Amino acid sequence: MAHLRYLTAGESHGRALVAILEGLPSGLPVSVKAIEDELVRRRHGYGRGPRMKIEKDALEIVSGVRAGLSLGSPIAIVINNSEWEKWRHVMPVEDPPAGNELTRPRPGHADLVGMLKYDFTDARNVLERASARETAARVAIGSLAKALLRELDIQVLSHVVQIGAVSSEEAAVPLPAQGETIDGSPVRCLDPGTSEAMVRAIDEAQAQGDSLGGVIEVVAFGLPPGLGSHVHWDRKIDGRIAGALMAVPAIKGVEFGNAFTVAGQPGSVSHDEIEPDLTRSTGRAGGTEGGMTIGGTVRVRAAMKPLSTLKKRLRTVDLSSGQPAEAFQERTDACAVPAAGVVCEAVLALVLADAVLEMFGGDTVDDLKAAHTRYLTRVEERRPR
Ligand SMILES: Cc1cc2nc3c(=O)[nH]c(=O)nc-3n(C[C@H](O)[C@H](O)[C@H](O)COP(=O)(O)O)c2cc1C
């Protein structure tokens, strides 16, 4: 059983999103402002649609925190929909909804399969929940996971390494202190020249009514060796991280370290050899071996598909008539790769915080820190001198 569990609820245009995080120890400083700041980071990024200018993410913490500190009880966060008054007639809880049914499902979305599976004639019943608006809830509780990790000097960040055909493939792994520089780029890319080319590529796609995907690199620094375990498949940290990243909407591929490159190379140049002091001078494996963190940095890439709600409409079928048709349109982003990076950070932080609590336990942050320090001291004693 997970040591840090979370649930989210809420439809994209419903009254509010709700997130519950269970398992956080007591004594963790929690601030509404810090959570809001993460939500602002998720809303930004070049290529996002008009909704991002409207969304305010007015959030409330309704349980689990007192006087700025976690109580050890479940933390519930409500993120209100600032447009609810406009949408309450479309999304009423009891009354018949206003507006026409959406019967021309968009390829690449949950629309068609959701309509078949849940027996709906209106795709809105599916898309409202499948929409990436839900990721705001994951970012909100992910910020608490990040705060817990910071207590152990573990930091998570992300940067964009590719948008469409523009890539900084050989990009150096950022330093922990470069988070602000990354966020200063409109596409959250470290290299200014590549940033500009990415912005131009998004402009071109947008002008043609098209969309672009890309690749995000997510990095965690300061990890102890041994998070996760080799002993059972569902305890392996790489599987847990990959699962969480793949569950971010539109993420279609995950790569640890240089996985797709080393797949084409001989073994003699594909591993991270062990130095006399037990450190590694390369990071080809991305920081895990045998389902455990090796200690230090974990580096993972996530591939995001181009978004599938398009002005350049894709072919579909109108389910009300059975006739070929063009897919319906919702407000949409042309590119959400920079924002998806923030979501990937949140889900990586949640997996790592869960693994930390599994390994070190503790009902208070101080107990957790003491167990972490004791373990690091023991590991340090094993290093040859
Ligand atoms: C931050 C973020 C924003 C997104 N914005 C949009 C959008 O504006 N339009 C769109 O068609 N898809 C958007 N998506 C992707 C869809 O939510 C996703 O493709 C869809 O739910 C189907 O799921 P799947 O791609 O994982 O199969 C976004 C994804 C993320 C992570």
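Which two strands form a hairpin, and which residue in the turn has a positive phi? I started my notebook with that, keeping in mind that this is a predicted model.

**Entry 1: the hairpin**

I found that strand 7 and strand 8 make the hairpin, with 2 residues between them. The turn holds Gly164, whose phi is positive at about 55°. I then looked up how the two strands pair, and they do so in the antiparallel sense over 2 bridges. Strand 8 covers residues 166-167. For one of the partners, I noted that Gln162 is bridged to Ser167 in strand 8.

**Entry 2: the rest of the sheet**

Next I followed strand 7 to its other partner. It spans residues 155-163 and is joined by 8 bridges to strand 9 (residues 214-223), running antiparallel to it. Here I saw Leu157 standing opposite Val219 of strand 9. I also checked cover: strand 7 is mostly covered, with 7 of its 9 residues buried.

Strand 9 led me on to strand 13 (residues 296-304), which it pairs with in the antiparallel sense over 8 bridges. I noted Val218 opposite Val300 in strand 13. Put together, I could write down an open sheet of 5 strands in the order 8-7-9-13-10, with antiparallel pairing. Its edge strands are strand 8 and strand 10, as each pairs on one side only.

**Entry 3: Asn258**

Where does Asn258 sit? I located it in the loop between strand 10 (251-256) and helix 10 (259-262). Its relative accessibility is 27%, so I put it down as partly exposed. Leaving out residues up to four places away in sequence, I found Asn258 touching Arg284 and Arg299. I also looked at Ala285, which is 27 residues from Asn258 along the chain; their C-alpha atoms are separated by 6.4 Å.

**Entry 4: Ser195**

Is Ser195 buried or exposed? I first placed Ser195 in helix 8 (residues 192-207). Its relative accessible area is 7%, and the cut-off for buried is under 20%, so Ser195 is buried. Setting aside neighbours within four places in sequence, I listed its contacts as Ser185, Val187 and Cys189.

**Entry 5: two helices**

I turned to helix 11 (residues 337-360), which has 24 residues. From its first C-alpha to its last I read 34 Å, close to the 34 Å expected at 1.5 Å a residue. Helix 11 is mostly covered, with 22 of its 24 residues buried. Just after it comes Gly361, with a positive phi of about 55°.

Helix 1 (residues 32-43) has 12 residues and reaches 17 Å, close to the 16 Å expected. I wrote down its buried residues: Ile35, Glu38, Leu39, Arg41, Arg42 and Arg43. Just after helix 1, Gly45 takes a positive phi of about 115°.

**Entry 6: a patch on the surface**

Which residues form the nonpolar patch on the surface? I found Leu112, Val113, Leu116, Val317 and Leu319, with about 440 Å² of accessible area together. Helix 4 (residues 111-118) gives the most to this patch, with 3 residues. I looked more carefully at Val317, which lies in strand 14 (residues 315-318). Its relative accessible area is 36%, so Val317 is partly exposed.

Note on methods
Residues are numbered from 1 along each chain as its sequence is written. This is a predicted model: local features need pLDDT of at least 70, side-chain atom pairs count only at pLDDT 80 or more; totals for chains, interfaces and linings use all residues. Side-chain values use heavy atoms; hydrogens and water are left out. Patches are made of residues with over 30% relative accessible area and no salt bridge: like charges are joined within 9 Å, nonpolar side chains (Val, Leu, Ile, Met, Phe, Trp, Tyr) within 5 Å. Accessible areas come from the Shrake-Rupley method with a 1.4 Å probe; for residues, only the protein chains shown count as cover. A salt bridge is a side-chain nitrogen of Lys or Arg within 4 Å of a carboxyl oxygen of Asp or Glu. Helices (H or I, at least four residues) and strands (E, at least two) are DSSP runs, numbered from the N terminus. Buried means under 20% relative accessible area, exposed over 50%, partly exposed in between (1.4 Å probe, protein chains only). Contact means heavy atoms within 4.5 Å. Two strands pair if DSSP finds at least two bridges between them. The expected span of a helix is 1.5 Å times one less than its number of residues.
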